[in-house]
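Hi,

Here's the structure I promised to pass on. Have a look, and my notes come right after.

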Amino acid sequence: MDSSSLFFTLISCVFFMGLVAWISWRKTRGSVDDRDGYFLAGRGLSSVFIAGSLLLTNLSAEQLIGLNGSAYGYNLSSMAWEVTAAVATIAMALIFLPRYLAGAFTTLPEFLNDRFDDDVRRMSVILFMLGYGLVTIPSVLYSGSIAVMQLFDIPQLTGLGYFPSLVATVVAIGAIGSVYAIFGGLKAVAVSDTINGIGLLIIGILVPVLGLIALGQGDFSDGLTRLVSEHPEKLNAIGGPQDPTPFGTIFTGMLFANLFYWCTNQYVIQRTLGAASLAEGQKGVLFSGFFKVLVPFMMMIPGVIAFHLYGPGLGSIDQAYPRLIRDVLPVYMSGFFLAVLLGAVFSSFNSLLNSAATLFALDVYAPWSKSKPDGKQLVRVAKIASVVIALFSFCIAPLLYFAEQGLWQVIRVFTGFYNIPTVVIVIVGLFTRRVPALGAKLVILFHVTTYGLLRFVFDDIVTIHFLHQYAILFILEVGIMLAVGMWRPRHRAWEFTSSSKVDMTPWVFAKPLAFSLFSCVVALYLLFSDIGLASGAGLQTPFAVMMIALVAANLLFWLWQSRASREPSPRSN
């Protein structure tokens, strides 16, 4: 990139980022001074902002590079992480969200305190804060910085060495991203996420289209023909034992990992807790599920296109997407792309920072404070906590460069310490009434100990895929809680007390849309399988039959739900 192109890229990037910041400021000024305003956006988020924020919070630069790299080097099996997340969004919309909003909870540990006791709340906060502070926030900063450096060759542009360039990029991205979380609260995060999400969708559609045009040497249809006819094995999403994501893991540990992420992870669910109503929350969550279904087309097909264009000769699979961007994206779009890329990084970082500060203010400072702090004091404490956590993450993030086993291994190992016990405790807590706090405490201690032994002592002996280990631990830990519930049940059954602060009327189309979303997941796996595009011989007859059956099932379900919604509800005398 020559100096004039670089100058144009930077100027246009600053323009787009400034526009996002200005719109976010206009939307949030004067509305983030009290507790609900800062932590839950005044409980006024619409479905658009919920969906946009969930999309950008979940998708960051490492997905752009990592998923495309996986498709380039292997096949589409890694789409399971994104596509099956849609199933978890269904569970969130129909099962978890109604209970969270009915209790008017601000944080997940607050619910655990209501269901169990303050000790369980403290233990969960410790797990979340350690996970966020030591791994998740630094890893988002690190991976985002690496992505920016790969795509725009920061060391060459600045003349700095690789590690100094990494440190400078981490601090620059972290400092800018912190502004949204510290001064604007959840609403600023949600607004900026939504605007950046629109940009991500534009780039996500544009890059594969331009890639197919390049593959077809100027003709989109020729490029599409080459994509589906040559190397059809690249379009197979049914992963085998040697693929990055074996197909069987979808039905075991991945299910629970996604349930944790979409239904119990504070930094993801916090924007749903700020919904203006249950209906708006359900719309936003389900819409985000449909965005997840689009991820293979936006973030994996470009990797397959790169394989067709460059062959298997790239030095690293992670070079596939940066190389494709440099070759197909016009220079006049580079600034917009950089703004979108940085927006994706900012989104994950500032969402985590906002949630970590929320947990500290509401679940650490407030319960342990001798005097009951008011809303403004809690907001002030959260802002101070955000600054401290951000500075701490600036120090930790560059050190991940020295992780011998790579970033993904670090994230995978340390997230496993708290994801499964959290899901277990929340699910058992929601659906039982007699299981005591002792069960939750034993599960946390059992999981941390057992998982630590599996990862650091018996890692070479236990060769079961880590996602299957998640499933085994989930079953054991549910069993522990239920056994404790039978052995030492609560003297008084837990009663859920509704204290909702928003309209709790469910969205009339929530269930039929959830059915259609699940059908889209099934359809994607049929499309990218041996009876679909991966066959190399076009779409097979079984594919057509199953698609017709899916469409018919959807029509029948929507018709049934439409009639049910028109029937008058029974009234009590």
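Below is what I found in it.

First, the caveats: this is a predicted model, where local features need pLDDT of at least 70 and side-chain atom pairs count only at pLDDT 80 or more, while totals for chains, interfaces and linings use all residues. Residues are numbered from 1 along each chain as its sequence is written, and side-chain values use heavy atoms, with hydrogens and water left out.

The protein chain has 24 helices and 0 strands (DSSP runs, H or I of at least four residues for helices, E of at least two for strands, numbered from the N terminus). Its radius of gyration, over C-alpha atoms, is 24 Å, which agrees with the value near 25 Å for a compact globule of 573 residues (the rule is 2.2 Å times the number of residues to the power 0.38). Buried residues make up 56% of the chain, buried being under 20% relative accessible area with a 1.4 Å probe, protein chains only.

Now the inside. The largest nonpolar core (buried Ala, Val, Leu, Ile, Met, Phe, Trp, Tyr and Cys joined through side-chain atoms within 4.5 Å) holds 156 residues, and L76, F96, Y132, L286, M481 and F528 touch the most other members. Helix 17 (residues 334–368) gives the most to this core, 15 residues. A separate second core has 10 residues, including Y38 and L362.

Skipping neighbours within four places in sequence, M481 is in contact (heavy atoms within 4.5 Å) with residues including F116, V424 and V443. On the same basis, F557, in helix 24 (residues 541–566), contacts K511, P512 and F515.

Cheers

Technical notes
Buried means under 20% relative accessible area, exposed over 50%, partly exposed in between (1.4 Å probe, protein chains only).
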